[in-house]
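Please find below a short colleague's note on the model, set out as numbered points. It begins with a term on which several of the later points rest.

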Amino acid sequence: MTLTRSFTYVKPGSLDEALALLAEHGRAAAALAGGTDLVPWMRDDLVAPDVVVDIKGLPGLGGITLVDGALRLGALATFSDVLGSPVVSATFPVLAEMAGVVASVGIRNRATVAGNLCSAVPSNDAGPVLLAAEASLQVAGPDGERIIPLSDWFLAPRRTALAGGELVTGVTVPVPGRHGGCYLKLGRYRGEDLAQASVAVLALPGSRYHIAFGAVAPATVRATAIEECLGGRPLDEATLAAADDLVPEVISPIGDLRSSAEYRTHMCRVMLRRALRAAAQRLGGDGPPYGERLL
């Protein structure tokens, strides 16, 4: 891999030092954690930072913990960390289900959940599950710390609400009480592939659902119209058909070399039905095990 543009590489020893560097250079700086998006983008001249700030190994940015009923994923927590976390599997297994279909083992070992959200590509895997879970990001910068709900995070493809000089320090995921979840990802083949379309469903008591789609709009999208349609209704054929009819109103897929818009829309209908049924069954203590292929 050849990088054709020069840049300054800096590896700070503390979070304060990293924030000072990012504040000094603003949008001319890029934070490097896993690098699975940043480095290929630099290779392809899609981004050209003057300064790369390596935050790997900074104290306080790693780990996955459960605090006050919410999962706290440090900014350096990788998808492999999620897969191997006992607290995730015990409290919010759909997060591990999502992590298990991200790219390859090598990528999962390096790619961070926070970095996946920061890349903001429409096909990012973390977005649908975390948006359905009403997660938020903790951000530090020149003006101190702030919390950004994931619902306000994605602005456009590869654009987020992160301001120049700011750094994501963690992701907070409220863990529902009793729930069932499902994440389905449509790819062209088994292995390292981006999503052609994806859907995350959380089933909650009282026939309530949280639903989000990925790779079928400029950014990850919450399907509030479908949630309202399903709310309080039995998950029978009539209800599923009504939800089907709303899919084209929620998503806006494009056609490209990987898939047509029509195919993405059709498969979103298929995936929504399967994810709803699996999540509802898991809520009831039954259904397919988390991680089992349903496509």
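1. A residue is called buried when its relative accessible area is under 20%, exposed when that area is over 50%, and partly exposed in between. By this cut-off R273, with a relative accessible area of 17%, is buried, whereas E237, with 45%, is partly exposed. The model under discussion is a predicted one, and every value quoted here should be read as computed from that prediction.

2. On overall form, the chain holds 11 helices and 14 strands. Its radius of gyration is 19 Å, close to the 19 Å that the globule rule gives for 295 residues, so the chain is as compact as a globular protein of that length. Along the principal axes, the C-alpha atoms fill a box of roughly 60 × 45 × 35 Å.

3. On packing and surface, 51% of the 295 residues in the chain are buried. Among contacts with a separation of 6 or more, 60% are between residues 24 or more positions apart. The accessible surface of the chain comes to about 12,900 Å², and carbon and sulfur atoms account for 53% of that surface.

4. The structure holds 13 salt bridges, and as general background, side chains of opposite charge can pair when their charged atoms come close. The side chains of E237 and R273 form one of these bridges, with an N to O distance of 2.8 Å. This pair links distant parts of the chain, since E237 lies in helix α10 (residues 237–250) and R273 in helix α11 (residues 261–283), with their positions 36 residues apart in sequence. Both residues also belong to a network of salt bridges that links E237, D244, R273 and R277.

5. Two further bridges deserve a look for the setting of their partners. The side chains of K56 and D54 meet at 2.9 Å, N to O; here K56 is partly exposed at 29% relative accessibility, while D54 is buried at 3%. The side chains of D44 and R43 likewise form a salt bridge, with 2.9 Å from N to O, and in this case D44 counts as partly exposed at 41%, as does R43 at 34%.

6. Which residues does F154 touch beyond its neighbours within four places in sequence? They are L117, A120, N124, G127, R159, A219 and T220. F154 sits in strand β8 (residues 154–156) and, with a relative accessibility of 12%, counts as buried. The C-alpha atoms of F154 and V121, which are 33 residues apart along the chain, are separated by 9.2 Å.

7. On the cysteines, the structure holds zero disulfides. The sulfur of C182 has its closest cysteine sulfur in C268, and because the two are 13 Å apart, they are too far from each other for a bond; the cut-off for a disulfide is a pair of cysteine sulfur atoms within 2.5 Å. C182 is buried, with a relative accessible area of 0%, whereas C118 is partly exposed, with a relative accessible area of 31%.

8. Finally, L3, F7 and Y9 make a nonpolar surface patch of about 260 Å². Of these residues, L3 is found in the segment before β1 (8–10), and at 33% relative accessibility L3 counts as partly exposed.

Note on methods:
Residues are numbered from 1 along each chain as its sequence is written. This is a predicted model: local features need pLDDT of at least 70, side-chain atom pairs count only at pLDDT 80 or more; totals for chains, interfaces and linings use all residues. Side-chain values use heavy atoms; hydrogens and water are left out. Helices (H or I, at least four residues) and strands (E, at least two) are DSSP runs, numbered from the N terminus. Buried means under 20% relative accessible area, exposed over 50%, partly exposed in between (1.4 Å probe, protein chains only). Contact means heavy atoms within 4.5 Å. Patches are made of residues with over 30% relative accessible area and no salt bridge: like charges are joined within 9 Å, nonpolar side chains (Val, Leu, Ile, Met, Phe, Trp, Tyr) within 5 Å. Accessible areas come from the Shrake-Rupley method with a 1.4 Å probe; for residues, only the protein chains shown count as cover. A salt bridge is a side-chain nitrogen of Lys or Arg within 4 Å of a carboxyl oxygen of Asp or Glu. The radius of gyration is taken over C-alpha atoms; the globule rule is 2.2 Å times the number of residues to the power 0.38.
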